[in-house]
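User: I am in my first year and would like a close look at a single part of this structure, explained step by step. Could you take me through how aromatic rings pair up in it?

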Amino acid sequence: MNNTQLNRVLLYYARTGSTAWLAHLDMMRLFSRAMNRAAWPLAWSEGAFNPRPDIVFGLPAGCGIELERDPVEIGLDVSNEALAFDLEDAVRRLNTTLPESVRVVDAAYTEPVGKSLMSRVFAATYRIEALGVSSAYTKTFTGAPVMVEHVRKKKTTTVELTSKIMDADVSDDNTLLIVCGAGSVNHLRIDLLLKALVRDGGLSPEGAAGARLVRESVLINTVSR
Amino acid sequence: MTSWSSLSEAKQRALLRRVEKPARYSGGEWQACDKWDVFFHLQEEDRIRFAFCFPDLYEIGMSNLALQILYATLNADEHTWCERFFEPAPDMREQLIKEDIALSSLESGTPLYAFDIVGMSISYELAYTTVLDMLHLGKIPLRSVDRGERDPLVVAGGPVACNLEPMAPFFDLVMIGDGEQLLSDITALYRKKKQNRMTKRDFLFEACRLEGIYVPAFYDVTYCPDGTIDTIEPNVPQAPRVIQKSVIRDLNNAKMPLAPIVPHLNVVHDRMVMEIFRGCARGCRFCQAGFTYRPMRERSFDRLSDAARSLFQKTGCDELGLLSLSTTDYSQLSELLEALIPRAEKNHVNLSLPSLRLDAFERDMAEQVATTRRAGLTFAPEAGTQRLRDVINKNIVEEDLLQATEVALRNGWDRLKLYYMLGLPTETDDDVDGIGYMVNRLIARWREIPDQLRPRRFFINVSTSIFIPKPFTPFQWAEQISPDEMRDRQQRVASALGRNRRVNYQWHQFESSVLEAVLARGDRRLANVIEQAWMQGCVLDAWHEHFRWDVWETLLSEMPGGISFYTRKRPLHEKFPWDHIQIGVQRIFLEREWRRAMEGKTTPACFEQCSHCGVGKYGSGVCLQPPRAATEKGFGHE
């Protein structure tokens, strides 16, 4: 691989604690600032008026969801710094300029493929910790469609949830593990899932509100050029 | 009663999920100070827990430079841990009350009542009810007399500290002047109090001897039959008759926040900031900060250049604001920009220069600033005619505005924001109409520029606010115009600007300006009104969606003399509620300036010619420097 190809990096990061409460845009700003502090040679979008660093998140993270391994792709401007940029060292530096509750857990060079990172995301795995959450899940999802109302910008739509869930592990009553659709098609919103568990599964509203939500991983399609 | 840190994680999550923008409350920002592991190794009497309270929402407070300066200063001391508190938004406030959770710090979740010192940083009068709300949410008795030895010491500072009389019963002490030294002195003295087991009163006896410390309870105020102040006298021998403000003589020795907290949220001013100088040399007669922060003291070029380097490295932000009351007056601005611009470009950082004087916005500077990412351009002519600009000592002429606009247009700006004030002393209909006339002249100037050298479109945003007479300004004797006049003048501006698609006119609800005027020149008798207003639900009064004029109007009308007692013109001999405070500028100078205003005479800037205002006694800043050459257009409209 020659140097000209070493200009895209796929990072996986985790977030817990206070940063789990950030909205997606805040998370993007947090990363670009941490990378500036760590002196990463970010590539910038063209355009005189509002150039932006080339940082692409695989899947926006909702407010209040912890992450264990979420992908983010970084474009580098290695025109002047090809020799100076050592990924391992750069990640070490980045982990010292990120708030303690955010950590890069994995990093590798990647090659540009036909589709953007966001459009290649197709599923995610979640861990939901709340008293009796698995029983509530079993009671709610019996194979029949589960319809939930979703209010967005004062518009109410009805969303079906069963078809968005690929697998679930209910062996621990207080910890539900699910694999579900994510990204631009068939995306499952965890807040809607909790809503259904309260309505149909008997999960207490307080239990749902206080549930620990952890996205364990995001699954990405590998698409050739 | 419980605190945030004692809640279970599930409970914390449940609360945060019920509110908008939970990141306002979750803390953990980059470079927030966490001393948890080291601080508690110190003996209890050897450590000071300081609660820095900003009585507004997180996004406003975290945009405040004073917060960053004082947070860095306090936390640089190993014996002090300064933590932050902001007023919660109404949704979170409701949750805290419902669940009986005390307002707690962002850093460690410790409740406000558990701190040694609670410091309120007050930037505007409309924050007064929010101060009370924060104390209440923090489970601290509101009034100083109701607080015992185990309650925190409640102190205040900030731009309005020069007349905090309406809030006098709520504070144990008020800090007047530059906060950096004052806070260090107070925390050191408080440590001594803890070590020697002094009573609060004995502590206050010692504190009131320090420069800049005012203990309101040590003064009695008496009133004349007409309601004006008769006497303000100390009631203990330890208290000085006059309280002198604290001044940092050399700003280069003061702490700069080189590794400030970087908020996660998109706050109002989401950028790194450098205070390039403090104070102002101009003497605009309506401007309180311009007089109370005198003398103008610059930070050195080297200090600023180093600071910028550190800020770039330690924050990673994409905008750097060069802050002051009048940025173009910095003596080495051109050199500073020359040094900063290449570094800013390399780091994709936008330089922002608020508070530009339009008589100094020249071609070179426009070209320099235009090379970084271009922010909007705002000028403040303040008044519509030359006559009135001379009255307020703005020291700019119409041609300055025309030229500055032309320079901006030729350098690619196509939007301009203009600030004006309505209700200034001696204002007539002609002055109000002058705003519309000026705006039309600017549009005409845009048309005169050849097509290829000007932007295709041009928009002007005109914004007016209502003049508020403030203490320690030459206009402290002036009246505030009546609400009817305010409404008429706003409408007059609107009709003078007409239905021009290039012009957008913004004005503010004037009722909050009336309240601000009452509180700004208010006395101790207003404390009951403020407390009553808060009890009736007034909080976050600076937010127009939360402002309850009906409540305030009723309460103020029940005062003897009503609202007009506080907004009226004051005779020259009248004793003010703030006469026992000495901020450097002498009353006799302000009186002279008031007379000159009435005669339409201007006064030169400090760096052109000394006007003997009184701050020369500090032997600092511009007062020590030889006069700069007077600009041709600087003064001389007498």
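Analyst: Let us begin with a single residue of this predicted model: W507(B) has a relative accessibility of 45%, and because a residue counts as partly exposed when it falls between 20% and 50%, that is the class it receives. Y505(B), in contrast, has a relative accessibility of 12%, which lies under the 20% limit, and therefore counts as buried. A pair of aromatic rings is described by the distance of the centres and the angle of the planes. For Y505(B) and W507(B), which form an aromatic pair, the centres are 4.8 Å apart and the planes stand at 35°, an arrangement classed as tilted.

This pair can be set beside the wider picture, since a search of the whole structure finds 24 aromatic pairs over all chains. Another tilted pair is made by F291(B) and F589(B), and it is called tilted because their planes meet at 55°, which is neither under 30 nor over 60 degrees, while their ring centres are 6.4 Å apart. F291(B) belongs to helix α10 of chain B, residues 288–292, and F589(B) to helix α22 of chain B, residues 587–598, so the pair ties together parts that lie 298 residues apart in sequence. Both F291(B) and F589(B) are buried.

Aromatic residues can also form a group, as W36(B), F39(B), F40(B) and W81(B) do in making up one aromatic cluster.

Note on methods:
Residues numbered from 1 in each chain as written. Chains lettered and ligands numbered in written order. Predicted model: local features only at pLDDT ≥ 70, side-chain atom pairs only at ≥ 80, totals over all residues. Heavy atoms only, no water. Phe/Tyr/Trp six-rings, centres within 6.5 Å; stacked < 30°, edge-to-face > 60°. Helix = DSSP H or I, 4+ residues; strand = E, 2+ residues; numbered from the N terminus. Buried < 20%, exposed > 50% of the residue type's maximum accessible area, 1.4 Å probe, protein only.
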